[in-house]
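Look at the chain below and pay attention to its charged side chains. The paragraphs that follow go from a few pairs of residues to the chain as a whole.

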Amino acid sequence: MIRLIALFLILALPAKAEEIVLGLSRDQVAITATFEGSEILIFGAIKREAPIPDKSELGVIVTVAGPDHPVMVRRKDRRVGIWVNTDSVEVDAAPSFYAVATTAPMRDVLRDIEDLRYRITIPRAIRSVGAEVGDSEAFTQALIRIRAGNDLYQVLEGAVDLEDETLFRTAITLPANLTEGDYEAHIFLTRNGRVIDEYIAVIPVQKVGLERWLYNLAHENALIYGLMSLSIAIAAGWLASAAFSLLRR
């Protein structure tokens, strides 16, 4: 009876005026020994139960986030001629990869209160819980700057194409130095800066082939992996020595 009442309540709820219908160019990414990065095309449409609202700005925000990991950010200072770690900030969770693309400048498509609620921009996506210094925000900005320099954090304002307030598409470039795990593609639909609908799709990123075998060997049989690495190093050194001796004759 309770289930039946719950079903009636769900059916009685009004349908959303605008909803996201999403598509992806690929549903997984394989990291091989020759992996040099990839590109994901994210596209979709906006399903409506009513005419397009007048006098309101429609925005689309697309984020792709890699697995979260804790990070310790340290500041180095020169003391007595030596660079040493002085202060540090513990970041509880920072995405290993994060890209955010929009149809317009972020300030035009997203209100700050909505960003606070949904954690859409890069600084909001990073959660810093512990700090030994007062200016912990500077450490977070340093982390963002370093990862942006490695293409791991991307801000792509205006990179989402929106046609007739119905069809949208964008391309997110994934660098070669990806962390393995489940990546979330998150699409937000906004009106006048307020989120009116959202959609999440998961994209698995996994090592395959030789990369997967070596990864599993290193983590599950560290002794064998170490002996194999040592043997390869010895063999490479012997071959280099033999080749050098031949060249000297």
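A salt bridge is counted here when a side-chain nitrogen of Lys or Arg lies within 4 Å of a carboxyl oxygen of Asp or Glu. Side chains of opposite charge can pair when their charged atoms come close. The model is a predicted one, and a search of the whole structure finds eight salt bridges.

Which residues are linked in a network of salt bridges? The network consists of Glu-18, Arg-48, Glu-165 and Arg-191. One of its pairs is Glu-18 with Arg-191, whose side chains meet at 2.9 Å, N to O. Glu-18 is in strand β1, residues 18-24, and Arg-191 is in strand β12, residues 181-191, so this salt bridge ties together parts that stand 173 residues apart in sequence.

Are these two residues buried or exposed? A residue counts as buried when its relative accessible area is under 20%. Glu-18 has a value of 6% and is therefore buried. Arg-191 has 8% relative accessibility, so Arg-191 is buried too.

Arg-191 also forms a salt bridge with Glu-165, at 3.2 Å from N to O. Here the partner of Arg-191 in strand β12 is in a loop, the one between β10 (161-163) and β11 (167-174), so the pair ties together parts 26 residues apart in sequence. Glu-165 counts as partly exposed because its relative accessibility is 26%.

Another salt bridge joins the side chains of Asp-112 and Arg-124, with 3.1 Å from N to O. This pair connects two helices: Asp-112 belongs to α3 (residues 112-118) and Arg-124 to α4 (residues 122-125), so the parts tied together are 12 residues apart in sequence. Asp-112 counts as exposed because its relative accessibility is 52%, where the cut-off for exposed is over 50%. Arg-124, at 27%, counts as partly exposed.

Now consider the whole chain. How many helices and strands does the chain have? There are seven helices and 13 strands. The chain has 249 residues, and 35% of them are buried. Of the contacts between residues at least 6 apart in sequence, 69% join residues at least 24 apart. The accessible surface of the chain is about 15,500 Å², and carbon and sulfur atoms account for 56% of that surface.

How values were computed. Residues numbered from 1 in each chain as written. Predicted model: local features only at pLDDT ≥ 70, side-chain atom pairs only at ≥ 80, totals over all residues. Heavy atoms only, no water. Helix = DSSP H or I, 4+ residues; strand = E, 2+ residues; numbered from the N terminus. Buried < 20%, exposed > 50% of the residue type's maximum accessible area, 1.4 Å probe, protein only. Contact = heavy atoms within 4.5 Å. Areas by Shrake-Rupley, 256 points an atom, 1.4 Å probe, with all protein chains shown as cover.
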